[in-house]
Amino acid sequence: MASAMLKRSMVVNGIRVLGTRAFASSSVTVGTDLVSTISDVSLQKARTWDEGVSSKFSTTPIKDIFKDKKVVIFGLPGAFTGVCSAQHVPSYKKNIDKFKAKGIDSVICVAINDPYVMNGWADKLGAKDAIEFYGDFDGSFHKSLNLEKDLCAALLGHRSQRWSAYVEDGKVKVLNVEEVPSDFKVSGGEVILGQI
């Protein structure tokens, strides 16, 4: 499988990018500076309701997530859904030590869900110690990057596409977006680990 994917890779600005999707229409591409491009957007760290109340429902600005850090971030259609729970998150969780060995400061999972659902899901997966979970409750993060997908036909509403990125100091170095949200070919932990 890995060799088949490598045959579909291309080099953009000296960086290998996997997948077959054309990114010309996306707001985010390899080279995009997330800190300056979407500086007015913030995410909500996964937490319990009581933690939300005590923090006065605080949010985390994009610059606090990416500035001066090496981050692997992956987005998925939703908490408690099939591929997301059975394959996507586990592919990062089982490789967390390899990410840390490559100098990655944070591995982040983000979905268009509220932070309380993300917290419950992270607990259920036993992944909170390895991966940081964030909610994009109103979809503004994904909309800003043109990574939102209408999944109303599956009764999910507007959700995230399935994607992954490697970001250094706010700049996107690698970006992988699946052709359809049910695919799990280019956005997994093993794939991006080989791109760093």
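These are my notes on strand S6, its two neighbours and a pair of residues with positive phi.

**Ground rules.** I'm working from a predicted model, where local features need pLDDT of at least 70, side-chain atom pairs count only at pLDDT 80 or more, and totals for chains, interfaces and linings use all residues. Residues are numbered from 1 along each chain as its sequence is written, and side-chain values use heavy atoms, with hydrogens and water left out.

**Strand S6.** I started with S6, residues 106-111 (strands are DSSP runs of E, at least two residues; helices are runs of H or I, at least four; both numbered from the N terminus). Six of its six residues are buried (under 20% relative accessible area; exposed is over 50%, partly exposed in between; 1.4 Å probe, protein chains only). In a regular strand the side chains alternate between the two faces of the sheet. I checked both sides here: Ser106, Ile108 and Val110 are buried on one, and Val107, Cys109 and Ala111 on the other.

**Neighbours.** Next I looked up the pairing (at least two DSSP bridges between two strands). S5, residues 70-76, runs parallel to S6 with six bridges, and Leu76 sits opposite Ala111. S7, residues 132-135, is also parallel to S6, with four bridges; there Cys109 faces Phe133. From S6 the chain goes through helix H7 (115-125) to S7, a right-handed β-α-β crossover (with the strands pointing away from the viewer, the path from the first strand over the helix to the second runs clockwise).

**Positive phi.** Which non-glycine has a phi of about 60°? I found Asp68, in the loop between H4 (62-66) and S5. Asp68 is exposed at 62% relative accessible area. Phe80 has a phi of about 65°, and isn't a glycine either. I placed Phe80 in the loop between S5 and H5 (82-93), partly exposed at 45%.
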